[in-house]
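Here's a quick briefing to read with the structure open beside you. Take it one topic at a time and look for each part as you go.

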Protein chains: 4
Amino acid sequence: MLGNTFGRMFRVTTCGESYGGGLAAICDGVPPGIELCDADIQEELDKRRPGQSDIDSPRQETDQVQIFSGLRDGYTTGAPVGMIVGNVDTLPQHVKEYEDARHLIRPGHAEYTYRYKYGDYVDWCGAGRASGRETVGRVAAGAVAKKILAREGIRIAAYVSELSDIRAEISGMSFDEREQNALKNEIFCPDLATAEKMLQLTRKIKEDGDTLGGVVEILAVGVPPGLGEPVFDKLSATLAHGLMSIPAVKGCEIGTGFHSTRMLGSECNDIPYLKEGRVRFRTNNSGGIDGGISNGEDILVRIAVKPTSTISIAQRTVNMETMEEADLAAITRRDATICGRICAVAAAMSRIVILDHLMMWRGYDAVSGIEHKFGW
Amino acid sequence: MLGNTFGRMFRVTTCGESYGGGLAAICDGVPPGIELCDADIQEELDKRRPGQSDIDSPRQETDQVQIFSGLRDGYTTGAPVGMIVGNVDTLPQHVKEYEDARHLIRPGHAEYTYRYKYGDYVDWCGAGRASGRETVGRVAAGAVAKKILAREGIRIAAYVSELSDIRAEISGMSFDEREQNALKNEIFCPDLATAEKMLQLTRKIKEDGDTLGGVVEILAVGVPPGLGEPVFDKLSATLAHGLMSIPAVKGCEIGTGFHSTRMLGSECNDIPYLKEGRVRFRTNNSGGIDGGISNGEDILVRIAVKPTSTISIAQRTVNMETMEEADLAAITRRDATICGRICAVAAAMSRIVILDHLMMWRGYDAVSGIEHKFGW
Amino acid sequence: MLGNTFGRMFRVTTCGESYGGGLAAICDGVPPGIELCDADIQEELDKRRPGQSDIDSPRQETDQVQIFSGLRDGYTTGAPVGMIVGNVDTLPQHVKEYEDARHLIRPGHAEYTYRYKYGDYVDWCGAGRASGRETVGRVAAGAVAKKILAREGIRIAAYVSELSDIRAEISGMSFDEREQNALKNEIFCPDLATAEKMLQLTRKIKEDGDTLGGVVEILAVGVPPGLGEPVFDKLSATLAHGLMSIPAVKGCEIGTGFHSTRMLGSECNDIPYLKEGRVRFRTNNSGGIDGGISNGEDILVRIAVKPTSTISIAQRTVNMETMEEADLAAITRRDATICGRICAVAAAMSRIVILDHLMMWRGYDAVSGIEHKFGW
Amino acid sequence: MLGNTFGRMFRVTTCGESYGGGLAAICDGVPPGIELCDADIQEELDKRRPGQSDIDSPRQETDQVQIFSGLRDGYTTGAPVGMIVGNVDTLPQHVKEYEDARHLIRPGHAEYTYRYKYGDYVDWCGAGRASGRETVGRVAAGAVAKKILAREGIRIAAYVSELSDIRAEISGMSFDEREQNALKNEIFCPDLATAEKMLQLTRKIKEDGDTLGGVVEILAVGVPPGLGEPVFDKLSATLAHGLMSIPAVKGCEIGTGFHSTRMLGSECNDIPYLKEGRVRFRTNNSGGIDGGISNGEDILVRIAVKPTSTISIAQRTVNMETMEEADLAAITRRDATICGRICAVAAAMSRIVILDHLMMWRGYDAVSGIEHKFGW
């Protein structure tokens with residue numbers, strides 16, 4: 001396996017599996033002087049923690065994090081921040097369930113591609129590194145990035161805007177409303193009335209043994225102009241990279257995204273104007289990114305989250321050992337939708353990407369000596 | 001500017017601007033023994049060349065490429081392949097047009113973000129590096145990747161599947177039909193009847209001075225299982241990175257993508273079965289990628305292309321020098337839609353990404369000594 | 001702090017400080033199917049562990065490692081291998097000693113550059129991340145690389161060839177003698193008679209309160225031709241990068257190195273000849289690397305290790321807080337020389353570099369389809 | 001071939017061979033607003049240009065560079081700077097000489113390792129990419145870096161300090177004397193009296209048909225404290241990487257380097273003191289780098305340059321095609337020593353490394369908000 005490190009300046013490396021000894025993240029590029037403690041990380045981890053609601057997986061993980069390096073007297077020292085989270089709910093009966101079914105492909109999961117690529121040595125328990133538990137490391141690292149971004153006035157929230165065909169009304173809400181309201185319900189949707197409908201649908205589908213997908217929106221405010229590298233490393237491209245690397249994410253769009261394909265140029269172009277000495281735009285179809293570079297408007301990204309692959313309906317499949325078709329019995333421990341829990345992961349990845357760009361830009365900018373205009 | 005290099009093993013570096021001396025690409029990681037000549041590159045460049053149709057920009061560029069390194073006796077030597085394309089149609093009257101309007105933000109373009117980031121030294125002519133001409137280097141490099149992938153039996157095509165609200169009927173077509181039919185019309189759509197409708201709409205919109213967007217689909221066949229690195233560098237994530245880095249691309253989805261958010265888990269899961277000793281899937285909602293790794297099915301990606309920002313309708317804007325609002329006169333030299341021309345770029349980027357993953361995987365695989373099963 | 005990740009395909013990320021919660025290493029790029037357990041790592045860690053001899057630092061660290069990810073049933077799964085080693089001997093009296101002297105630059109150490117760069121938040125205890133304890137992570141990662149290289153028949157040993165002006169007689173020794181003999185004495189020198197003299201000198205210098213430097217030689221056998229990338233990433237250049245990144249290393253030379261500057265071309269050129277169907281060389285002045293690529297001969301590298309900076313003689317220095325000159329009292333807990341203990345680190349880094357090159361080459365080679373000649 | 005790109009923030013990519021169409025370099029990370037023209041690059045290229053003296057290769061290359069991207073109105077725009085240099089002296093008679101001997105290993109050269117790695121497709125003419133001509137791209141890129149560093153007050157010179165066993169007296173000279181005097185003689189040695197002796201020895205050895213090696217010293221002044229990343233990417237380690245990647249370089253040492261292995265700790269430690277409000281060091285055994293980070297003193301590095309492999313004495317060798325031993329006739333077109341010409345390359349690589357670190361540090365520093373003390 002390659003690719004367990006992400007970023008150029010703010011660099012995150014993770015390891016760990018669903019039923020292994022634990023999950024760790026190392027953040028490189030952390031500046032000194034950031035006040036940081038376990039509770040800062042815990043706050044974010046708790047947002048993606050399972051077992052907190054009737055629609056989540058009943059797996060009971062405390063997800064207690066320990067920062068074991070990079071701190072002195074409560075502040076970051078500049079050294080890489082190392083964090084570890086143990087796995088707790090890995091009881092023998094669960095291991096046995098996985099062992100019994102280890103040769104069966106669970107449809108929608110990665111068993112087949114892992115088994116093909118890594119052979120018989122693949123971790124067969126709880127999906128190993130392909131498990132959603134892998135994202136614990138991302139969330140921990142994103143929590144570090146959040147603290148650093150806070151000093152720059154950059155805030156990022158992620159929340160559910162659509163669940164299946166139920167669409168929330170969010171456009172008029174402030175950043176704070178979106179961020180705070182999302183925390184008030186299990187589905188992580190800021191539109192509380194719609195959240196209730198989403199929850200009802202989820203419960204109903206769960207009873208059917210089935211699962212739901214949805215759309216998660218990421219909103220970044222306070223991002224100054226200038227972030228993003230124009231050609232291959234556009235801010236939009238690296239955001240897409242980071243977000244599409246989250247398990248279950250099948251699409252990503254910036255601003256009006258796919259909808260813009262049906263607009264005319266004259267509709268889609270955001271018209272610039274002047275406001276308080278700054279260049280602003282009358283619409284934000286671009287999602288805050290022009291030519292791959294942030295333009296000072298809000299960054300708006302939407303990702304498509306597929307319905308959870310684990311369902312409690314029997315499915316036809318293939319036994320990879322005997323190379324015969326087989327039946328996969330219903331599985332019970334699962335999330336009816338992961339849209340809510342994935343929000344913490346999406347926010348974390350967005351923070352990592354934006355901080356990385358901020359640092360790249362600052363390094364570049366500091367040798368150019370350009371006096372930036374336009375009131376920023 | 002950072003980020004003009006892409007890839008880890010097959011690495012592409014480009015430079016050049018719209019009205020500079022030329023555009024170059026250097027491909028690192030090219031294996032020896034590939035038969036390669038200028039014509040191989042030219043074939044792909046010609047697909048994105050402007051001035052070939054009444055709906056394209058009338059800019060007359062010959063886009064003649066010269067391979068100046070990495071070859072001996074008609075074959076690659078293993079050394080990096082250097083390619084250069086001169087700019088031709090950079091006549092003084094065009095330069096003057098840009099100079100006259102150099103302080104005006106062209107809505108939808110990157111003038112403001114570039115001016116903010118790079119200051120007054122920014123290349124004001126023809127959008128400089130922010131121009132779509134930058135993609136010449138991508139296409140040249142992608143043509144090298146195409147030759148290498150051909151030896152592996154991997155073929156990739158990109159074509160227009162939607163233009164504005166017109167949707168082509170493509171699902172039943174073979175790879176060859178898609179690839180060949182797309183070359184038969186200016187809009188690069190394999191469904192020839194629909195292509196005609198798209199063309200009519202484009203001409204009508206062009207007369208209005210406006211522009212259109214659309215959806216480009218990328219289909220990769222012959223990709224074996226195993227490509228893609230499970231966590232941050234999933235095949236889906238790096239494809240998204242590469243494709244979203246193309247100018248005007250605002251969204252990217254794999255397989256059923258955003259549509260999958262409205263499916264149930266039981267509908268979305270692709271059911272595996274056995275066919276000729278191989279594990280295959282009855283549907284391909286995953287777009288050929290499970291857990292970030294190719295599963296042997298076709299790779300299917302769709303990207304959202306926004307309507308061309310350059311329109312010939314006057315727009316309100318801001319003068320960045322005087323910091324006053326101003327009118328931007330109609331601009332005449334432009335593409336009514338770039339959906340057709342972007343196909344060559346999308347195919348090129350997909351080839352670069354897939355080849356890079358192939359090489360990463362092979363290097364990893366070669367030290368593991370795993371005997372891969374499942375008939376591949 | 002940046003730069004806590006090393007390698008392109010076999011990628012090592014470390015974190016941790018001298019008096020923090022522990023030291024960790026994450027190895028990415030580990031193939032599946034490697035039999036691996038804590039004891040494999042421990043064996044290498046024990047070679048650099050302090051407190052084992054009267055010439056080493058008396059710090060008592062058990063350096064017990066725990067592999068917490070990347071394994072299943074005793075074999076690597078392909079997932080990144082995470083390892084952690086706790087700090088034990090961090091008693092309050094030692095912390096107090098460091099706290100009392102925290103504003104004083106210890107000559108030869110990194111206090112000043114760290115304090116300048118990271119400000120007052122720098123970890124003042126036990127040199128923090130600048131401590132030699134940082135190398136625990138390197139050794140742990142190198143132990144993983146060692147297991148993988150063993151399957152390829154590649155073996156690497158590092159040993160002391162010079163201590164101060166005492167030079168060992170090693171040239172006639174086999175790889176096994178060098179590796180085994182080095183383990184037989186505290187100074188890690190394969191020439192046992194000379195080792196005794198080195199030890200006596202070390203004890204004498206230690207009594208004086210002073211310290212010694214020396215030369216460590218790294219010998220790699222079984223490296224096939226083909227490793228190394230010709231231009232910027234020559235095998236020699238990346239070995240130099242890896243080895244010069246070890247604390248206290250001030251020089252690196254390949255083959256005859258600096259001595260070759262006094263040879264004539266006709267003396268320095270290694271003359272090729274044929275032996276058992278292979279191209280071999282009558283001398284090995286090149287150290288097994290031609291044009292940056294391994295040539296099938298032994299790889300021979302030598303590094304310069306400066307005398308330990310911590311001495312128990314009072315030194316003049318500067319107080320960084322008061323910005324006044326000051327006296328630094330003698331320090332007692334120290335290594336009289338680190339040449340012996342650094343051998344494990346040098347071997348580890350060399351393994352990491354060579355494995356990384358092996359994987360890069362394999363990935364590249366696998367797409368070229370070249371039939372390699374010359375009997376390898 | 002991999003590894004034709006170097007650097008993380010200031011990134012250089014090169015391509016081109018000895019007898020190909022030309023040599024190119026693309027510099028990414030160039031800030032806007034640098035006044036730059038072909039002559040700036042030419043000045044550095046002329047320092048490594050062959051055919052200028054009786055001790056250099058008689059190959060007549062004009063080495064005329066053309067900057068074809070990244071400029072507008074004489075200033076850098078922030079876009080990557082593309083540069084190309086054509087090959088001129090590639091007359092058929094020279095090509096024929098190489099073709100006739102294409103299957104013979106030239107001792108000390110890379111024919112065998114290239115032939116093994118790249119197979120029969122390898123560029124057999126003039127050593128292809130393994131030729132010293134490859135360094136044209138490095139020098140061109142280094143010239144760009146030089147302009148940027150000049151704004152920061154950082155100056156770097158490289159000169160010959162030893163030729164074979166003749167050692168120059170340089171220690172008392174100022175930076176300017178070293179830089180200027182070196183330009184006054186063919187051997188690039190600042191000690192003019194010794195330079196004359198070196199020249200005489202070179203001419204004598206040349207008559208014998210043999211070649212010489214030597215030591216090149218690189219001196220960087222004006223480097224502020226703070227450059228270098230403490231663990232794997234120490235300033236010393238990346239300088240070693242960059243310098244050891246230059247063809248013919250077999251060793252690298254920082255400060256007192258290998259000599260420090262024979263010093264006592266009490267001698268080797270540089271004692272800090274206060275001067276004009278800054279922390280300075282009474283000696284500079286560290287070569288200006290403590291813990292991998294620049295300390296404000298001069299950076300001093302020395303590299304070992306082996307004698308030119310091409311000699312005009314017949315040598316025994318192997319024919320790689322027939323796999324028989326054979327005689328290699330004397331070769332006439334060669335440098336009697338490359339120590340002089342390599343200085344431009346060593347200075348270029350050092351500039352690239354130091355600028356890259358400067359940008360990394362600035363990016364990191366800008367998010368930390370540390371108020372740096374100590375008068376810098």
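What follows covers confidence, contacts between chains, symmetry and sheets.

This is a predicted model, and its scores are ipTM 0.97 and pTM 0.98. Chain B touches chain A through 95 residues on each side, and it also meets chain D, with 38 residues of chain B in contact with 38 of chain D.

**Confidence**
- Chain A has an average pLDDT of 95, and 100% of its residues score at least 70.
- That's handy to know, since predicted coordinates shouldn't be read in detail where pLDDT is low.

**Where chain B meets chain A**
- On chain B's side of this contact, you'll find 44 nonpolar, 33 polar and 18 charged residues.
- Strand 11 of chain A (residues 249–254) pairs with strand 11 of chain B (residues 249–254), running antiparallel over three bridges.
- To spot the pairing, look for Glu253(A), whose bridge partner in strand 11 of chain B is Gly251(B).

**Where chain B meets chain D**
- Again, 38 residues of chain B are in contact with 38 residues of chain D.
- Which elements of chain B give two or more residues to this side? They are strand 2 (11–16), strand 3 (22–28), strand 4 (65–69) and strand 6 (75–76).
- Sorted by class, chain B's side has 15 nonpolar, 17 polar and six charged residues.

**Symmetry of chains B and D**
- Turn chain B by 180°, with a shift of 0.0 Å along the axis, and you can lay it on chain D with an RMSD of 0.0 Å.
- That relation is the one a two-fold axis gives.
- In chain B, Thr13(B) has the C-alpha nearest the axis, at 3.6 Å from it.
- Both copies use the same surface, as 100% of the contact residues of chain B recur in chain D.

**A sheet shared by chains C and D**
- Now for an open sheet of 10 strands with antiparallel pairing, in the order 9(C)-8(C)-10(C)-16(C)-11(C)-11(D)-16(D)-10(D)-8(D)-9(D).
- Its edge strands are strand 9 (166–167) of chain C and strand 9 (166–167) of chain D, each pairing on one side only.
- Within chain D, strand 10 (residues 214–221) and strand 16 (residues 299–305) pair antiparallel over seven bridges.
- In that pairing, Leu219(D) sits opposite Leu300(D) of strand 16.

**Helices on the sheet**
- Helix 9 of chain D (residues 339–368) packs on the sheet and touches strands 8, 10 and 16 of chain D, with its direction at about 145° to that of strand 8.
- Over in chain C, helix 5 (residues 175–182) lies across strand 8 (155–163) and strand 10 (214–221), running at about 65° to strand 8.

Notes: Residues are numbered from 1 along each chain as its sequence is written. Chains are lettered from A and ligands numbered from 1 in the order in which they are written. This is a predicted model: local features need pLDDT of at least 70, side-chain atom pairs count only at pLDDT 80 or more; totals for chains, interfaces and linings use all residues. Two residues are in contact if their C-beta atoms, placed from the backbone, lie within 7 Å. Ala, Val, Leu, Ile, Met, Phe, Trp, Tyr, Cys and Pro count as nonpolar, Asp, Glu, Lys and Arg as charged, and the others, Gly among them, as polar. Two strands pair if DSSP finds at least two bridges between them. Helices (H or I, at least four residues) and strands (E, at least two) are DSSP runs, numbered from the N terminus. Axes are lines fitted to C-alpha atoms, for helices over the stretch in contact, and angles run from 0 to 180 degrees between N-to-C directions. pLDDT is the predictor's confidence in each residue, from 0 to 100. Copies are superposed by least squares on the C-alpha atoms of residues with pLDDT of at least 70 in both.
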